[in-house]
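Visitor: I'm new to this one and would like a close look at a single part of it. Could you walk me through the salt bridges and what surrounds them?

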Amino acid sequence: MAISKSTGKTWFNQPARKTRRRLARQKKAVKIFPRPTAGPLRPIVHGQTLKYNMKRRAGKGFSLEELKAAGIPKKLAPTIGIAVDHRHKNCSLEFLQANFQRLKTYKAKLVVFPRCACRFKAGDSTPVELATANQVHADCW
């Protein structure tokens, strides 16, 4: 059945739109280098309702308890790419430990660039780590 002007919309621009979106993602990745392209690190949580509570998904932000367990101050967390949600409560020890482990591995892989290239402060990565830094392109959880 042919599509007429009055009854439907054509999608002939779909391949071009796909290319345009891909190029926009690449430009954004270059612009925000060395930050991850997927945005800030988010915790793993269960869905709330009966239909979705067996599935795991990315939450809004880590709880203050999880940040405290990992030794990350709540004011520092957003500056190093960690999402924080002060309303998040931990109901199970299992997810507290899973998110704690997630924060620990993130912190171990984290490369902190100094604000000024000539002065290094405590907590900044070494020049060798800065030279080998690469961008993470997907949030695998």
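Guide: Start with arginine 87 and aspartate 85, whose side chains meet in a salt bridge with N and O 3.2 Å apart. Keep in mind as you look that this is a predicted model. The two partners sit quite differently with respect to the surface. Arginine 87 has 52% relative accessibility, and since the bar for exposed is over 50%, it counts as exposed. Aspartate 85 comes out at 10%, and because buried means under 20%, it counts as buried. So this salt bridge pairs an exposed arginine with a buried aspartate.

How many salt bridges does the structure hold? There are 2 of them, so let's turn to the other pair, glutamate 94 and arginine 56. Here the closest N and O atoms are 3.5 Å apart. Find glutamate 94 in helix 3, which covers residues 93-109, and then look for arginine 56 in strand 2, residues 56-58. The partners are 38 residues apart in sequence, so this bridge ties together separate parts of the chain. As for the surface, glutamate 94 is exposed, with a relative accessible area of 51%. Arginine 56 has 48% relative accessibility and therefore counts as partly exposed, as that label covers what lies between 20% and 50%.

Now step back to see where that helix and that strand fit in. The chain has 4 helices and 2 strands. Reading from the N terminus, you meet them in the order α-β-β-α-α-α. Links between parts that are far apart in sequence show up in the contacts too: take the contacts between residues at least 6 apart in sequence, and 52% of them join residues at least 24 apart.

While you have the charged side chains in view, have a look at helix 1, residues 14-31, where you'll find arginine 20. At 54% relative accessibility, arginine 20 counts as exposed. Arginine 20 also belongs to a positive surface patch, together with Lys18, Arg21, Arg22 and Arg25.

To finish, here is the setting for all this. The chain has 141 residues, and buried ones make up 23% of them; aspartate 85 is buried, as you saw. The accessible surface of the chain comes to about 11,300 Å², with 59% of that belonging to carbon and sulfur atoms.

Terms used: Residues numbered from 1 in each chain as written. Predicted model: local features only at pLDDT ≥ 70, side-chain atom pairs only at ≥ 80, totals over all residues. Heavy atoms only, no water. Patch = residues over 30% accessible without salt bridge, like charges linked within 9 Å, V, L, I, M, F, W, Y side chains within 5 Å. Areas by Shrake-Rupley, 256 points an atom, 1.4 Å probe, with all protein chains shown as cover. Salt bridge = Lys/Arg side-chain N within 4 Å of Asp/Glu carboxyl O. Lys, Arg positive; Asp, Glu negative; His and termini not counted. Charge placed at Lys NZ, Arg CZ, Asp CG, Glu CD. Buried < 20%, exposed > 50% of the residue type's maximum accessible area, 1.4 Å probe, protein only. Contact = heavy atoms within 4.5 Å.
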